[in-house]
Amino acid sequence: MSCRVVYHCIPAYCAVPSKLASTQLKRFGANLRRERVKAGVTQEELAEMADLNVRTLQKMEAGQTNILITTAIRLRHSLGCPWSALLP
């Protein structure tokens with residue numbers, strides 16, 4: 001008997017996230033938006049601080065794109081919030 005492993009954490013450019021990953025992305029996006037608003041920062045300002053395209057940040061907040069850990073780190077540093085505030 002052989003086991004087949006299916007990876008759901010694959011880059012956004014080649015596949016749609018699984019249902020579980022999609023839920024987690026939406027939670028992360030909601031947390032990101034909450035922390036951004038709490039910090040009094042616009043999407044444009046946060047995108048510039050984190051060296052991101054505004055449209056990419058909008059997609060992140062909407063839970064429509066996968067997020068690299070390096071991007072999450074830049075966002076966290078830019079907002080000055082703990083990981084627990086962003087992670088679902």
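pLDDT is the predictor's confidence in each residue, on a scale from 0 to 100. The structure used in these exercises is a predicted model.

**Exercise 1.** Determine how confidence is distributed along the chain.

Solution.
1. Start with the whole chain: the mean pLDDT is 85, and 81% of the residues reach 70 or more.
2. Turn to the elements: helix H2 (residues 43–49) has the highest confidence, at a mean of 98, and helix H1 (residues 19–38) the lowest, at 93.
3. Then check residues 1–15: the pLDDT there is below 50, and the stretch makes 6 contacts in the model beyond near neighbours in sequence.

**Exercise 2.** Describe the largest nonpolar core and find which elements give two or more residues to it.

Solution.
1. The core has 15 residues, and Leu32, Leu46, Leu52, Leu57 and Leu75 have the most contacts inside it.
2. Two or more residues each come from H1, H2, helix H3 (54–61), helix H4 (69–79) and helix H5 (83–86).
3. H4 gives the largest share, 3 residues.

**Exercise 3.** Decide whether Leu75 is buried or exposed, and list its contacts outside the four nearest places in sequence.

Solution.
1. Locate the residue: Leu75 lies in helix H4.
2. Apply the cut-off: buried means under 20% relative accessible area. Leu75 has 0%, so Leu75 is buried.
3. Beyond four places in sequence, Leu75 contacts Leu32, Leu46, Ala50, Leu52, Leu57 and Met60.
4. Look from the partner Leu57: with the same exclusion, its contacts are Leu32, Gln43, Leu46, Ala47 and Leu75.
5. For a distance, take Leu86, 11 residues from Leu75 along the chain: their C-alpha atoms are 9.4 Å apart.

How values were computed
Residues numbered from 1 in each chain as written. Predicted model: local features only at pLDDT ≥ 70, side-chain atom pairs only at ≥ 80, totals over all residues. Heavy atoms only, no water. Helix = DSSP H or I, 4+ residues; strand = E, 2+ residues; numbered from the N terminus. Contact = heavy atoms within 4.5 Å. Core = buried A, V, L, I, M, F, W, Y, C linked by side-chain atoms within 4.5 Å. Buried < 20%, exposed > 50% of the residue type's maximum accessible area, 1.4 Å probe, protein only.
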